[in-house]
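Student: I've got a structure open and would like to talk it through with you. Can we go piece by piece?
Tutor: Gladly; put it up and start wherever you like.
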Amino acid sequence: MVAIWKEEIPARRCRLPALNHPISFVGAGPGAPDLLTLRAAERIRQADVLIWTDSLVCPDIAALAKDDCLQIRTSRLTLEDVVPQLIQHHKAGRLVVRLHDGDTALYSAINEQICALTDEDIPVEVVPGISAYQAAAAGLSSELTIPGLVQTIVLSRTGGRTGVPEREQLHHLAALKASLCLYLSARHVEEVEATLLEHYPAETPVAVGHRVSWPDQLLEVVPLREMAAFTERHALIRTTLYVISPALSKDSRRSRLYSPDHDHLFRPRR
Ligand SMILES: C[S@@+](CC[C@H](N)C(=O)[O-])C[C@H]1O[C@@H](n2cnc3c(N)ncnc32)[C@H](O)[C@@H]1O
């Protein structure tokens with residue numbers, strides 16, 4: 001276990017009323033501290049114990065914790081190491097925050113932890129965060145749903161060791177030609193590019209984002225035919241996201257919602 005005691009937790013902090021507090025599973029957002037939700041920032045600042053995914057969460061976020069917060073990094077831990085820590089500190093009356101990168105709904109592995117805590121009758125709360133795809137789109141001042149061009153966003157990943165069900169294999173998703181956001185896929189980029197080229201035109205814009213919103217962010221749009229070469233040139237393996245989307249071509253089609261000939265409840269016909 002890798003644990004950093006910044007200081008011994010003072011007795012006054014081991015207050016029993018915290019037992020009534022749930023363990024908070026918090027989405028840290030993509031990296032920049034000012035992209036945290038207000039609720040997420042509050043939970044981190046109040047935490048007596050912060051158990052955080054140091055392989056993916058930007059250290060600037062963990063640094064928001066108070067000086068005497070016990071910080072436990074999880075990159076070398078297993079579920080069997082993490083869950084007892086959550087339980088032990090919660091039962092000792094400490095405010096426990098489990099911090100994951102991005103949003104908690106995507107590839108966060110909170111489900112297995114919450115199931116284990118539920119078995120122990122320990123209450124949990126989940127605080128969502130901004131996901132990497134949202135940060136990448138915002139970083140490019142882009143909308144991923146352009147009227148008449150693309151109206152669907154797919155969030156997925158390639159197989160890897162986790163495996164993806166056959167019905168969700170990349171060639172099925174690519175056939176939609178939607179805005180396709182691929183997480184955890186940089187290691188397989190050559191294979192990914194080849195599959196995507198069977199469905200999207202070679203000039204389709206691909207946003208490649210590495211550590212989006214971190215101080216050393218890399219975020220560029222390249223044509224699909226250069227996706228793998230760009231990734232290899234920059235040696236991107238971890239914390240890399242792809243957004244393959246016709247919407248990134250900055251097509252100037254406009255929405256019906258704001259069209260003068262489109263009346264609706266809030267803007268009746270003039
Ligand atoms: C285990 S998944 C967690 C995703 C996270 N829950 C989210 O909503 O963004 C980790 C993957 O998310 C993507 N990712 C997370 N943060 C990122 C960032 N700041 N920039 C680029 N990709 C990021 C990368 O694909 C990375 O390999």
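Student: Where is Thr-152 found?
Tutor: This is a predicted model, and in it Thr-152 is found in the loop between helix H5, residues 132-139, and strand S7.

Student: Ok, and what does Thr-152 touch, not counting residues up to four places away in sequence?
Tutor: With those residues set aside, Thr-152 touches Thr-145, Ala-178 and Ser-179. Taking Ser-179 from that list, the two residues are 27 apart in sequence, while their C-alpha atoms are 6.2 Å apart in space.

Student: Is Thr-152 buried or partly exposed?
Tutor: Thr-152 is partly exposed, because its relative accessible area is 40%, and the partly exposed class runs between the 20% and 50% limits.

Student: What about Ser-156, buried or exposed?
Tutor: Ser-156 has a relative accessibility of 6% and therefore counts as buried. Its place is in strand S7, which covers residues 153-157, and, leaving aside neighbours within four places in sequence, Ser-156 is in contact with Tyr-107, Leu-173, Cys-181, Leu-182 and Tyr-183.

Student: Where does Tyr-107 sit?
Tutor: Tyr-107 is in the loop between strand S5 (96-100) and helix H4 (110-119), and at 40% relative accessibility it counts as partly exposed. Its backbone deserves a look too, since Tyr-107 is not a glycine and yet has a positive phi of about 50°.

Student: Why look twice at a positive phi?
Tutor: Because most residues other than glycine have a negative phi. Leu-184 is another case here, with a positive phi near 50° in a residue other than glycine. Leu-184 lies in the loop between strand S8 (179-183) and helix H7 (189-197) and, at 48% relative accessibility, counts as partly exposed.

Student: Switching topic: what does the domain assignment give for the chain?
Tutor: The assignment gives domain 1 as residues 2-127 and domain 2 as residues 132-249. The C-alpha centres of domain 1 and domain 2 lie 30 Å apart, and 12 residues of domain 1 are in contact with 12 residues of domain 2.

Student: How much area is buried between domain 1 and domain 2?
Tutor: The buried area comes to about 920 Å², with carbon and sulfur atoms giving 67% of it. On the domain 1 side, Pro-30, Leu-106 and Tyr-107 supply 53% of the area buried against domain 2, which is more than any other three residues supply.

Student: And how many salt bridges and polar contacts are counted between domain 1 and domain 2?
Tutor: The salt bridge count between domain 1 and domain 2 is zero, whereas four residue pairs are in polar contact, both partners having pLDDT 80 or more. The residues on the side of domain 1 that touches domain 2 divide into nine nonpolar, two polar and one charged.

Student: How many salt bridges does a search of the whole structure find?
Tutor: Such a search finds eight salt bridges. In one of them, the side chains of Arg-43 and Glu-125 meet at 2.4 Å, N to O. Arg-43 lies in helix H1 (residues 38-46) and Glu-125 in strand S6 (residues 124-127), so this pair ties together parts that are 82 residues apart in sequence.

Student: Is Glu-125 buried or exposed?
Tutor: Glu-125 is buried, with a relative accessible area of 18%. Glu-125 and Arg-43 are also linked with Glu-42 in a network of salt bridges.

Student: Which residue does Arg-225 form a salt bridge with?
Tutor: Arg-225 pairs with Glu-203, their closest N and O atoms being 2.7 Å apart. Because Arg-225 lies in the loop between strand S10 (218-223) and helix H8 (227-233), and Glu-203 in the loop between H7 and strand S9 (205-210), the pair ties together parts 22 residues apart in sequence. Arg-225 counts as partly exposed, at 40% relative accessibility.

Student: Last one: what does the secondary structure of the whole chain come to?
Tutor: The protein chain comes to eight helices and 11 strands, and buried residues make up 47% of its 270 residues. Among contacts between residues at least 6 apart in sequence, 71% join residues at least 24 apart.

Key. Residues are numbered from 1 along each chain as its sequence is written. This is a predicted model: local features need pLDDT of at least 70, side-chain atom pairs count only at pLDDT 80 or more; totals for chains, interfaces and linings use all residues. Side-chain values use heavy atoms; hydrogens and water are left out. Domain bounds come from an automatic or database domain assignment. Contact means heavy atoms within 4.5 Å. Buried area is the accessible area (1.4 Å probe) that two parts lose on being put together, summed over both. A salt bridge is a side-chain nitrogen of Lys or Arg within 4 Å of a carboxyl oxygen of Asp or Glu. A polar contact is a pair of N or O atoms within 3.5 Å; within protein, one must be able to donate a hydrogen and the other to accept it, and residues adjacent in sequence count only if both atoms are side-chain atoms. Ala, Val, Leu, Ile, Met, Phe, Trp, Tyr, Cys and Pro count as nonpolar, Asp, Glu, Lys and Arg as charged, and the others, Gly among them, as polar. Helices (H or I, at least four residues) and strands (E, at least two) are DSSP runs, numbered from the N terminus. Buried means under 20% relative accessible area, exposed over 50%, partly exposed in between (1.4 Å probe, protein chains only).
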